[in-house]
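Please open the structure in the viewer and keep the selection panel at hand. The tour below proceeds from one selection to the next.

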Amino acid sequence: MAEGQRNRGERGARREGEQERARPRDPALDPGQGGIRHRRELRHVFARRKEQGLNPFQLDSKPTKPVAELMATETRFKFVRQQNPEHYEKLVKEAQAAIDMLKADALEIHLNVAQELFMAEGDRDFSTIINNIKAIRAGVNVPVIIKETGCGIASEEYARLLQDCHIDYFDCAGAGGTNFIAIEAARTNADAGELLGWGHPTCWSLIDAQQALGDRAIYFASGGIRTGLDMAKAFALGASAVGIAGPVLKAVIEGGVEAGVQYINDLKSQLQTIMTLVNARTINDLKNVPILIFGETKEYCECRNFDLKKLCVLR
């Protein structure tokens, strides 16, 4: 995973293999982090990608679950709805309205507690989060993705969200990319102190996901993803897609639309080269590549009593 503002150590992914050309999917552009000031330029980037026959929003390497299966959770929602019917009915109605307006294929719910706590106008009561997620998950007709916003997700959180809320799509969005604590602290001239480094790096969050849920869920990785090598490492740790925002915006701001398009194409070329070197023809093949875990990441895994052998041998 990329070394970001809150680097937690070295990590790597290596394997020797036959020199067979690989065909990776396109990287995804992350919708949540990096800002919206330059959305017009990004629209031009998307248009140029389409002109080249490429998909700027390529995401999942696995098919989503059918809507009928997702709607089968209505009985669970009935129980939640009884607790505060007006609140949950309004919540689900607004969520479905947004989906219908955008003709969205999925709904992503952001968990941004750290950001809210450093906002002068932010929320301070998070007691209804789980019930809110339950209601939305049971009441909308598309898959629901849970996304962190720069602090990552630990194994205990993955397990609870799967068991209690029946969420099986996650964007771990770990530390290393946009730092919302720093942004909000700067807005109010607050001193965040040591909390500027709060959160799990994306690498750790992906490892937590594998330990907690394995292949029972689908994972997206964002937060500090900047290169094709970062992408390959995320895929090797179980991600089905990666999200990138800040570096794309930076390229567009500094060099215009052409620079943004070139950055995305360079990512794809870098990833294709790495996949060829490790003899991986598809993203799913990368998930079976043995990796090396060392430095602070290894220490973290040992402290958490994770089974490194499952990650570091041929899978």
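A residue is called buried when its relative accessible area is under 20%. The model under inspection is a predicted one.

**First stop: Leu 308**

Select Leu 308, in the loop that runs between helix H13 (295–303) and helix H14 (309–312). Is Leu 308 buried or exposed? Its relative accessible area is 17%, so Leu 308 is buried. Next, display the residues in contact with Leu 308, leaving aside its neighbours within four places in sequence: they are Ile 293, Lys 298, Cys 301 and Glu 302. For Lys 298, which is 10 residues from Leu 308 along the chain, the two C-alpha atoms are separated by 8.2 Å.

**Second stop: Cys 151**

Move to Cys 151, placed in the loop between strand E4 (144–148) and H7. Cys 151 has a relative accessible area of 13% and is therefore buried. Which residues is Cys 151 in contact with, leaving aside its neighbours within four places in sequence? The selection should contain Ala 114, Ala 173, Gly 174, Ala 175, Trp 198, Gly 199 and His 200. Draw a distance between the C-alpha atoms of Cys 151 and Ala 175: the separation is 5.2 Å, although these residues are 24 apart along the chain.

**Third stop: the aromatic pairs**

A search of the whole structure yields five aromatic pairs. One of them joins Tyr 158 and Tyr 219 in an edge-to-face arrangement, with 6.0 Å from centre to centre and 80° between the planes. Colour helix H7 (residues 155–165), which holds Tyr 158, and strand E6 (residues 218–222), which holds Tyr 219; the pair links these distant parts of the chain, 61 residues apart. Tyr 158 and Tyr 219 are both buried.

Now add Phe 170, which forms a stacked pair with Tyr 219 at 6.5 Å centre to centre and 25° between the planes. Because Phe 170 lies in strand E5 (residues 169–171) and Tyr 219 in strand E6, this pair ties together parts 49 residues apart in sequence. Phe 170 is buried, as is Tyr 219. With all three rings displayed, one aromatic cluster is in view, formed by Tyr 158, Phe 170 and Tyr 219.

**Last stop: helix H11**

Select helix H11 (residues 246–277), a helix of 32 residues. Its end C-alpha atoms are only 28 Å apart, whereas a straight helix would reach 46 Å at 1.5 Å a residue. Where does H11 bend? Centre the view on Gly 255, at which H11 bends by about 145°. Finish at Asn 279, which follows H11 and has a positive phi, near 60°.

Note on methods:
Residues numbered from 1 in each chain as written. Predicted model: local features only at pLDDT ≥ 70, side-chain atom pairs only at ≥ 80, totals over all residues. Heavy atoms only, no water. Phe/Tyr/Trp six-rings, centres within 6.5 Å; stacked < 30°, edge-to-face > 60°. Helix = DSSP H or I, 4+ residues; strand = E, 2+ residues; numbered from the N terminus. Buried < 20%, exposed > 50% of the residue type's maximum accessible area, 1.4 Å probe, protein only. Contact = heavy atoms within 4.5 Å. Expected span 1.5 Å × (residues − 1). Bend = angle between axes of the 7 residues up to and from the residue.
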